[in-house]
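This report goes through a two-chain model, shown below. Please keep the sequence and the structure in view while reading.

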Amino acid sequence: MADKKTQVQKQESRDIKTAERTRWGKVFAPAVDILETAHELKIIADLPGVNKDSINITIDQDVLTLQGDVDSSPVEGYELEYREYDIGDFQRSFNLTDTIDQNKIEANYNNGVLELVLPKAEKVKPKIIEVKTS
Amino acid sequence: MFYRTIDPWREINEIQREMNRLFDNSYRPNRLAYPAINLWTNADKTMVTAELPGYSKEDVDISLIYDVLRLRGSRKAPECKENECFHRQERNYGLFDREIKLPFLVDAGKIDAVFKDGILRIHMPRAEEDKPKKIDIQVK
């Protein structure tokens with residue numbers, strides 16, 4: 001994409017330094033878009049090659065972790081002649097604040113894109129206070 | 001006490017090999033082109049794979065000009081509605097147009113492209129006329 005100055009290459013994940021992984025291979029941090037509206041926060045992540053069933057979304061002590069496994073075994077009967085991208089799993093974590101209602105998070109996966117909708121807790125939603133005149 | 005002996009020449013050779021690999025012309029991936037592709041081959045066919053998350057079959061246009069594969073497509077950014085704002089925008093949007101020279105001529109009629117979980121795989125069988133032919137030499 002010539003008109004974009006953003007990073008085109010996949011970035012290796014920085015979240016995995018705390019604990020060792022049991023699966024072999026590289027881990028990448030998926031590119032994400034984060035949008036906020038008055039009622040919710042939306043996280044859209046690119047997870048190309050991830051099967052829907054291998055997606056793991058966990059919340060532990062206000063840390064939301066996305067994880068997706070990719071089959072990185074070589075294609076049978078072929079030899080890799082030229083490589084521009086590496087194949088590996090995806091993982092990335094986000095800190096959640098108490099503004100998010102953690103019980104109502106929804107996830108949708110389609111064509112390699114994961115969309116998370118994190119509704120805001122009732123107490124932080126903007127309230128309109130009518131001013132009465134007497 | 002035991003000490004591991006360190007061979008400085010081995011270290012230097014290792015660095016030299018790494019440098020040679022870095023400046024080797026035969027492998028120089030195009031780091032800026034989008035989408036990034038991998039090319040797989042065997043004697044009879046070749047396959048190009050590309051990571052195109054969020055694209056559907058209709059968004060990508062694949063064409064072949066002699067031995068050059070052309071990939072074109074576009075993806076729209078999510079629309080920012082009223083009272084909505086982006087905190088981060090790392091995903092790529094817009095148009096892409098990319099040409100990839102294939103290692104051999106392929107049979108244009110038998111190209112098969114599959115989209116699964118955001119990965120595009122284009123299978124291309126080698127053209128019959130391009131396959132190496134064995135010629136028996138008669139010795140008289």
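The sections below cover confidence, the two chains, their sheets, the interface and two loop residues.

## Model and confidence

The structure is a predicted model. For chain A the mean pLDDT is 84, and 90% of the residues of chain A reach 70 or more. Residues 1-6 of chain A have a pLDDT below 50, and this stretch makes 10 contacts in the model beyond near neighbours in sequence. Where pLDDT is low, the predicted coordinates should not be read in detail.

## Secondary structure of the two chains

Chain A contains zero helices and 10 strands, and its pattern along the sequence is β-β-β-β-β-β-β-β-β-β. Of its 134 residues, 25% count as buried. Contacts between residues at least 24 apart in sequence make up 53% of those in chain A that join residues at least 6 apart.

Chain B has one helix and eight strands, in the sequence pattern α-β-β-β-β-β-β-β-β. Its 140 residues include 22% that are buried. In chain B, 51% of the contacts with a separation of 6 or more are between residues 24 or more positions apart.

## The mixed sheet of chain A

Five strands of chain A form an open sheet with the order E1-E2-E8-E6-E5, and the pairing is mixed. Strand E1 (11-12) and strand E5 (56-60) of chain A are the edges; each has a single partner strand, so one side of each is left without a neighbour in the sheet.

At the E5 edge, E5(A) pairs with strand E6 (residues 63-68) of chain A in the antiparallel sense over five bridges. Within this pair, Asn56(A) is opposite Gln67(A), and Ile59(A) is opposite Leu64(A). How many of the five residues of E5(A) are buried? The number is zero, so E5(A) lies largely in the open.

## The sheet shared by both chains

A further open sheet of five strands has antiparallel pairing and the order E9(A)-E10(A)-E4(A)-E3(A)-E5(B). Which strands stand at its edges? They are strand E9 (106-110) of chain A and E5 of chain B, each of which pairs on one side only. Between neighbouring strands of this sheet the average turn is 15°, with direction ignored.

At the chain A edge, E9(A) and strand E10 (residues 113-119) of chain A run antiparallel and are joined by five bridges. In this pair, Tyr109(A) has Leu114(A) as its bridge partner. At the other edge, strand E3 (residues 32-36) of chain A is joined to E5(B) by four bridges, again with the strands antiparallel. Here Asp33(A) has Gln89(B) in E5(B) as its bridge partner.

## The interface

The interface brings 36 residues of chain B into contact with 34 residues of chain A. On the side of chain B that touches chain A, at least two residues each come from strand E1 (37-41), strand E2 (45-51), strand E5 (85-89) and strand E6 (94-101) of chain B. By residue type, this side of chain B is made up of 17 nonpolar, 12 polar and seven charged residues. E5(B) thus appears both among the strands that supply this side and as an edge strand of the shared sheet.

## Two residues with positive phi

Gln61(A) is in the loop between E5 and E6 of chain A. The hairpin of E5(A) and E6(A) has two residues between the strands, and in it Gln61(A) takes a positive phi near 50°. This is a positive value in a residue other than glycine. Asp117(B) also has a positive phi, of about 50°, and is not a glycine. Asp117(B) lies in the loop between strand E7 (112-116) and strand E8 (119-125) of chain B.

Is Gln61(A) buried or exposed? Gln61(A) has 6 C-beta neighbours inside 10 Å and therefore counts as exposed, the cut-off for that class being 12 or fewer. Asp117(B) has 20 C-beta neighbours inside 10 Å and therefore counts as buried, a class that requires 20 or more.

Methods
Residues are numbered from 1 along each chain as its sequence is written. Chains are lettered from A and ligands numbered from 1 in the order in which they are written. This is a predicted model: local features need pLDDT of at least 70, side-chain atom pairs count only at pLDDT 80 or more; totals for chains, interfaces and linings use all residues. Two residues are in contact if their C-beta atoms, placed from the backbone, lie within 7 Å. Ala, Val, Leu, Ile, Met, Phe, Trp, Tyr, Cys and Pro count as nonpolar, Asp, Glu, Lys and Arg as charged, and the others, Gly among them, as polar. Two strands pair if DSSP finds at least two bridges between them. pLDDT is the predictor's confidence in each residue, from 0 to 100. Axes are lines fitted to C-alpha atoms, for helices over the stretch in contact, and angles run from 0 to 180 degrees between N-to-C directions.
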